[in-house]
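Reader: I'd love a close look at one part of this structure, and then how it sits in its surroundings. Could you walk me through it?

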Amino acid sequence: MRMHSKTNRRDFIRMGSIAGLGMADIMRMQQLSAADNGDRSDVNCIFIFIVGGMPQQDMWDLKPDAPPEIRGDFRNISTNVPGIQISDVLPGCATVADRMAILRSLTHDDSDHGRGFHIMMSGKKPGAGDFNGNQNNNQHPCIGSMVSHLGRPSVLPPYISVPNFLNSGGPSFLGPSHGPFVIDADPAAPDFSVRDIALPADVATQRGRLRQQALQQINQFEQSAERIGRQVRSFDTFYNKAYNLMASREAREAFDIGREPEKIRDAYGMTSIGQCSLLARRMVEAGCRFVAVENGHWDTHRKNTYSLRDLLCPAFDQAIPALLNDLQDRGMLEKTLVVVTTEFGRTPRINDLAGRDHWPNAFSIVMAGGGVKGGQVIGATDKQAAEVTDRPISPEDMVATVLYALGIDHTKILHTPLGRPVPIADGGKVVHELFT
Amino acid sequence: MSPRLNYIAVLLCALTCLSPSAIGRDLAAIQRVSVQPSAIEISGQDRQQQLVVTGIRVDGSQIDLTHVAAIKLLDPSLASVDAALLSGLQEGETQIRIEAGNSVATIPLRVSNFSNYPPIHFEGDVLPLFSKLGCNSGGCHGKQSGQNGFRLSVFGSDPRADFDALVREGRGRRVFPGAIERSLIYSKAVGISAHGGGQRMSADSQDAQLLREWIRQGMPWGSEQAARVAKITVQPRLRVMLPRSQQQLRVVATYSDGRTRDVTRAASYSSNEAVISDCDSRGIIQTGKVAGEAAITISYMGFVDVSRIVIPQPGATVPVRPSWFTSVNMIDDLVWNKWQQLRIAPSELCDDATFLRRVMVKTSGTLPGVEQVRTFTADSSPDKRAEVIERALASREFTNYWTQRWSDILMVNSKSIGGRGAYVFHQWIRQQIRTNRPYNEWVYDIIVASGNSGQVGPANFYRGQRTPEDVTRTISQAFLGIRMDCTQCHHHPFEKWGQDDFYGLAGYFNGMTRQKLDDNRDLIYHPGHKPISVPVVNRLVQTRPLDGVPTPADDRTDPRPELAKWVTSPKNPFFSRLVANRLWKHLMGRGLVEPEDDLRETNPPTNPELLNHLAETLKASDFDLKALMRHILSSHAFQLSSQSTGTNYSDDQTFSHYLVRRLPAEVMLDAICQVTGVPESYPGHPPGARAIELWDNQLPSYFLDTFGRSLRESPCECGSSGEPTMAQALHLLNAPEIEAKIQNDQGLVSVLSKSDDDVGELIEHIALVTVNRLPTARERKTGTRLLQNASRRQGLEDFLWVMMNSYDFLFVK
């Protein structure tokens, strides 16, 4: 498969040398072509992480001709794109296949949940350490922190996670300023509210305004009088961002999912994944660049069919199409990349407990919007969905692709506090055929 | 271009870069020029030579004229001159005339043994080129997976593998003697064929010539007898410079056979403070616009040298030492010397209230109380500051706070060592701090710890550090300030340490055993000494301290006491300097070395004499940490105002004004509780326990997580970040938990609202509680408005909220 812009650049350099252009000219052109995806900097991302391991052969990459212990209980159904079939447990997704690209050839080699989480959120295989605790364990920044570090500023925090901190969603050496703003509550809960974005209700709005005015007077006065140090100045920046957030009705209201019409909320489904997806759309609409959504309990070591059919897929299959349709209706789809990803896939063979175990060798993820050409399948696996047979895509490639889609240079070298150069996507290559 | 025109062009360029008056004055004031080297010999492999031209002014000061001087060869056919770099062209002898202003110098040039390129040695000649051009860096072909199929060892750590990668792999496309310029290694590097890393060198450079010659000679490995680099030397090693000026460096490598070679263009350069001065690949230092100091690290073939740059405050005169800035102790003289050198005048002494808050927070993590502030500011005794220092150092809070700080560094993490382990280890550290046991003694105990981890506190150190490699990294960083992380896998890029040094240390912990006693306890012991091998290559390494004598293998003895003696010895410069630097940083806001635990030679202190003095003071007191703190706290340097003067505004390095820092997470949470009069409650801890007292670092706390408590996952305080985030600002402004404390019926506001104080007294009280001083006029005005606009209770709540969000509360000034 040819990579369009890279090929062009290389061809161009070669032609340039032949035509006798000076090296300086060529360097300049390289710089120009490096910036050729700059117009994507208005693309934002909703990154939905299916925690536990999303079964490729029960959802996106069915093997109807395989023996029953591999094939499982689900059947292929046609989608609204001729030639593309997915599982009958996803009838909703089948109606929006024209907006989705199904990547069937993800692959890495770590079957541990925590480590797989790290790999698929940062593109980096971690070294030794505990990756199954519930604390930030990032050895490499996750994509959201990369976006916060390299992307343009915004009124809302540039990187938000909902309904909790994602274990591998930390900033690593980029520092706490690039960690996520965590919505530490489930928007599907009736009493959902986002902490700390406004004064407590009993401190009336008018009173809050008075307090803020008084505070700004005192702090401004201190600043001009003392010309104080750098740390205060950078704290001041965040205070001002906080004020902007609190002052911006649009931003504040974005967090208030109750303002959404019942009809829309119901369309997404009153489930965690439904309402998180909806809140993510509201965040992106209000200017956030990267929203990470976690959806758990997909580790179907037992009763795989029952878990998928009765517990997990109905909510999933309502939320994802609703999100894509809603984004389309609002004219946001072209500027919003939706990624549905996971630590790894699940074993081809169904085990003694009627479940499937961990399988990183080959699995599927989905991308849509943000310039991704829908209605396509990329990559393929063998007859058991066990190994990749065409177009392997590494986690590094996925990270490079998401960064590219958001107009961020995926070849960038970051430096750790020790000064060690770390390539941001570790040599990952953009899956260019995804894009129109 | 004629040399004359060339000279004018360079001068014009210099004029636009420098301020016109500066260069004009400098050239006019030049008394003579001095040129290095004093004679030039281009011969064999030493094919180019960097000149450094220095102007000596009337007052004896020096200025770099290398790129301003006109350099002319009597016989220009022998060598080319480009940016004062002489590259041989043909054999012969002539004179070089160097002219700057009215001064002229002449030195001889001889080009000999030149026509035939001497035999090339892969490791000695070609490999350094890959390091210099960045080919083998960790971000490119040096990373584990290589880049686009071509992999080199990182920083050239495995020359044989690199040789094979070039000569034997790549199906012969990488090197191609039949058509040298089509060899991929060459064509990609000079930009003839497309290269993801871009063009790395120009075809007419010496580097390119070297690479062509190596391929022409048939890609030899080189003679095994070839001399190796023994050291590198940079000139000048210390230079006082102007802002926005240049200085050419000259770097010479000396080989094991005594031969020397100019490697100015082959070495790599990096600055520890690029804002102050940076250095390009030609060895030209360019200073920025601010005064200060920087160190340029020069590395070549694993050898390093440092050139230190001092930039005095531009336009400032040498400060006159104020009469009040007496010498309380040597610290004051040593910081003064630095200010004099950099022409920075210190701020005034801070006032009493600021001092009290500062000394209390920094030593005991606790704000002073209202009465304490009133008494202290009213006290007229001349010794009152010294008395406060003594009281703070003797307080229970001091013990709690420093137990917490050391628990951060020693990774007392209940997640990795369990609740019981964390409790026992924490208690043990507390005991060392409370009794002020000599630092070298308790560190010794940690390194040799054995026993039941449920009873022996420090044994838990070896439960968190599970492999010999983990222990090696942790002990080197936590107690010596040597970052061995890099050397586990490759030679340190900026240090002399390599893999053998790493595994030499790791050998002390090889075989360490953790025998499980029950779910909460392990038996930790060392069954006997067996040296360790470097993995992959399987080379057995002698167990030895860094640069030290090997400890003989003996499989019945625990070798750790040998190491512990070496680590904690007064003769080990790293040990005392690291802890001195840590304490200085904690109290002063910035280390003399930054990061505070990275003491490598190529990261020199901003004030080496001061760091030496602190380390010597510590040793002289038998590692009494409290005595060293007292020494620092008593100095005028600690007691300066944070408010800058005209000349020290941009100074962040020399402590000419106190550095403002945010209250650390635990201290801030305690301060909020103290101010509102409403404590937190922590499971497993008695009522009223404070955040600085917690032994369990995993207790859920949104506040501590948001404000960055130490994760205790690496042996530094870096996990406890003072870095601000939006969530912090939002939390302080809006958190219902804080609002509940403000409004609490047992809290400060409730008490004050029932008192019969008038508005002025209430405002005064709240200012004293929060910012530990009397209110400013602005605060009085703001407070009065808030209190008069609403009910007494509500006004008090609002004013307390305002003061708790003010920078004077959140920061130590």
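**A helix and its chain**

Author: Happily! The buried residues of helix α6(B) pack against two other helices of chain B, α3 (122–133) and α5 (184–189). This is a predicted model, in which local features need pLDDT of at least 70, side-chain atom pairs count only at pLDDT 80 or more, and totals for chains, interfaces and linings use all residues. Residues are numbered from 1 along each chain as its sequence is written, while chains are lettered from A and ligands numbered from 1 in the order in which they are written.

Helix α6 of chain B runs over residues 206–216, and its buried residues are L211(B), W214(B) and I215(B). They sit on the same side of α6(B) because they cover an arc of only 95° around the axis, taken from the directions from the helix axis to the C-beta atoms. Buried here means that 20 or more other C-beta atoms lie within 10 Å of a residue's own, with C-beta atoms placed from the backbone. After α6(B) comes G218(B), with a positive phi near 90°.

Now for the surroundings. Chain B holds 29 helices and 27 strands, which are DSSP runs numbered from the N terminus (helices: H or I, at least four residues; strands: E, at least two). Of its 813 residues, 49% count as buried. Along its principal axes, the C-alpha trace of chain B spans about 100 × 70 × 50 Å. Contacts also link chain B to chain A: 51 residues of chain A touch 52 of chain B, a contact being two C-beta atoms, placed from the backbone, within 7 Å.

Technical notes:
Buried ≥ 20, exposed ≤ 12 C-beta atoms within 10 Å, placed from the backbone.
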